[in-house]
Amino acid sequence: QVQVVESGGGLVQAGGSLRLSCAASGSIVNINSMGWYRQAPGKQRELVATIKSDSYTNYADSVKGRFTISSRDNAKNTVYLQMNSLKPEDTAVYYCNAGVFTIARGYLEVWGQGTLVTVSS
């Protein structure tokens, strides 16, 4: 079984910063990619940023230049999302996603429970 756990959400004023963390654990043979998605009230879930096993990163246009995704060098199963210059429109539940290969079940897409980020104006 594979688990993905996020942490680091909270309340911050506009212009402030937060860092989210996400760790994948369990019967993982290899991790293909990890990423962050978000869902604001009344809206669909959208991509924020992803990082692949070769360190290739991808960002939504709305967060480019403000958010940075990275992984721990010695453990690719942990990723961070550094969020700077936060805006009220960044308010959402942020979900971590991991694309992993397992022995028992092959390739899986696993989601975390989500962590709430609230940016006040």
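1. Order of elements. Followed along its sequence, the chain of this predicted model reads β-β-β-β-β-β-β-β-β-β-β, and the count that goes with this pattern is eleven strands and zero helices. The radius of gyration is 14 Å, close to the 14 Å that the globule rule gives for 121 residues, so the chain is as compact as a globular protein of that length.

2. Extent and surface. Taken along the principal axes, the box filled by the C-alpha atoms of the chain is roughly 45 × 25 × 20 Å. The accessible surface of the chain is about 6600 Å², and carbon and sulfur atoms account for 46% of that surface.

3. Burial and contacts. Among the 121 residues of the chain, 41% count as buried. When contacts with a separation of 6 or more are considered, 55% of them are between residues that stand 24 or more positions apart in the chain.

4. Charged side chains. The chain carries 11 positive and 8 negative side chains, and the centre of the positive set lies 2 Å from the centre of the negative set.

5. The nonpolar core. The largest nonpolar core has 31 residues, and the members that touch the most other members are M34, W36, V48, F67, L81, M83 and Y94. Strand β9, which covers residues 92-102, gives the most to this core, contributing five residues.

6. A residue in β8. T78 belongs to strand β8, which spans residues 75-83. Its relative accessibility is 8%, and because the cut-off for burial is under 20%, T78 counts as buried. Once the neighbours within four places in sequence are left aside, T78 is in contact with C22, A23, M34, S70, S71 and R72. One of these partners, M34, is also listed among the core residues that touch the most other members.

7. A residue in a loop. P41 is placed in the loop that joins β4 (30-39) and β5 (46-52). Its relative accessibility is 73%, and because exposed means over 50%, P41 counts as exposed. The C-alpha atom of P41 is separated by 28 Å from that of V2, a residue that is 39 residues away from P41 along the chain.

8. The two residues side by side. A reader who wishes to look at both settings in the model may set T78, which lies in a strand and counts as buried, beside P41, which lies in a loop and counts as exposed.

Definitions and conventions:
Residues are numbered from 1 along each chain as its sequence is written. This is a predicted model: local features need pLDDT of at least 70, side-chain atom pairs count only at pLDDT 80 or more; totals for chains, interfaces and linings use all residues. Side-chain values use heavy atoms; hydrogens and water are left out. Helices (H or I, at least four residues) and strands (E, at least two) are DSSP runs, numbered from the N terminus. The radius of gyration is taken over C-alpha atoms; the globule rule is 2.2 Å times the number of residues to the power 0.38. Buried means under 20% relative accessible area, exposed over 50%, partly exposed in between (1.4 Å probe, protein chains only). Contact means heavy atoms within 4.5 Å. Accessible areas come from the Shrake-Rupley method with a 1.4 Å probe; for residues, only the protein chains shown count as cover. Lys and Arg count as positive and Asp and Glu as negative; His and the chain ends are not counted. The place of a charge is taken as NZ of Lys, CZ of Arg, CG of Asp or CD of Glu. A nonpolar core is a set of buried Ala, Val, Leu, Ile, Met, Phe, Trp, Tyr and Cys residues joined through side-chain atoms within 4.5 Å.
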